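Let's walk through this structure together, one question at a time. Have a look at it before reading on.

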Amino acid sequence: MKTLQRKLFVALAAFAFSGLALAQEKTTQAYWVHEDRVKPSMVMEYEKVSKELTDQCKKHNIQTLAWISTQSDDFRYLFVSPIDSLSDISKANKGFGTLRDKMGEEAFDTLFDDMGKCYDAHGDYVIILDKSLSYMPDGITQTPEGQDYRRFYYLHTTPAGMKGMKEGMQAVKKMYEDKGSKTHYRVYRSGFGNMGSFYMVAIAAKDGVSYEMMGDANEKLLGPEAQAIYGKVMKHVTKMEEVTGKMRPDLAYSPK
């Protein structure tokens, strides 16, 4: 997350042309994601520095910053912030500028320098939550209480395949609704900064065992005819990635 405030400005500025339209759609929400790919040998040091950043934001109650955090089992750390309008650009930069003023220039720069030693690659991109394709009957939330375990499915396709995949996902959602499935999920699509086109399905659970039990129960509920419905999505998939992770509320930040 070194020079995070500058990277955020570049990412959001480039996204500005499509961000306004997305913010106006009631069925979508754009999120800016900063991803750090941490060296396995530096995980403990990275988390120490990340917690210090969170603690400093809490200490100084920085009002214009907020994010949730996710850690994947392949040592990727994601910091996710909602983007609602172009004003978020100046707000975010003002927030890190305020934090630097509060901490002091030397301490602030040292913090991000120490973090930069912990990873080989990092970057910024935008993903779009599509509420119309997500299935959460009790209300859409990224952080359902008591369910910090995550399973992410990245369904890659071609730009031309996005339309067909969306139609397939609409059919899947209808099936879940008709059957009253207890497996809830959110659907995101690729946005600015992503190479390639994909949909990502995020499923929450208490832990890995609970996830597997939920999956078995859902398979029995949907029945063998579900394969034909899933096939409407899979025929557009060029590559599929399954990623296991967990939410990290200790690395998240929201102002008081």
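Q: In this predicted model, in which sense do strand 2 and strand 8 pair?
A: Strand 2 covers residues 68-72, and strand 8 covers residues 239-247. The two are joined over 3 bridges, and T70 stands opposite M247 of strand 8. Their pairing is antiparallel.

Q: In what order do the 8 strands close into a barrel?
A: You have just met one step of the ring, since strand 2 pairs with strand 8. The pairing in the barrel is antiparallel, and the twist from one strand to the next averages 30 degrees. The order is 1-3-2-8-5-7-6-4.

Q: At about what angle does helix 2 run to strand 3?
A: Helix 2, residues 43-60, lies across strands 1, 2, 3 and 4. Strand 3 spans residues 76-83, and the angle between helix 2 and this strand is about 25 degrees.

Q: Is H156 buried or exposed?
A: H156 is found in strand 5. A residue counts as buried under 20% relative accessible area. H156 has 14% relative accessibility, so this residue is buried.

Q: With which side chain does the side chain of H156 make a polar contact?
A: H156 touches several residues beyond four places away in sequence, including M165, F198 and E241. The polar contact spans 2.6 Å, and the partner is the side chain of E241.

Q: Which helix gives the most to the largest nonpolar core?
A: This core has 24 residues, and M169, Y185 and V201 have the most contacts inside it. Strand 5, strand 7 and helices 5, 6 and 7 each supply at least two residues. With 7 residues, the top contributor is helix 5.

Key
Residues are numbered from 1 along each chain as its sequence is written. This is a predicted model: local features need pLDDT of at least 70, side-chain atom pairs count only at pLDDT 80 or more; totals for chains, interfaces and linings use all residues. Side-chain values use heavy atoms; hydrogens and water are left out. Helices (H or I, at least four residues) and strands (E, at least two) are DSSP runs, numbered from the N terminus. Buried means under 20% relative accessible area, exposed over 50%, partly exposed in between (1.4 Å probe, protein chains only). A polar contact is a pair of N or O atoms within 3.5 Å; within protein, one must be able to donate a hydrogen and the other to accept it, and residues adjacent in sequence count only if both atoms are side-chain atoms. Contact means heavy atoms within 4.5 Å. Two strands pair if DSSP finds at least two bridges between them. Axes are lines fitted to C-alpha atoms, for helices over the stretch in contact, and angles run from 0 to 180 degrees between N-to-C directions. A nonpolar core is a set of buried Ala, Val, Leu, Ile, Met, Phe, Trp, Tyr and Cys residues joined through side-chain atoms within 4.5 Å.
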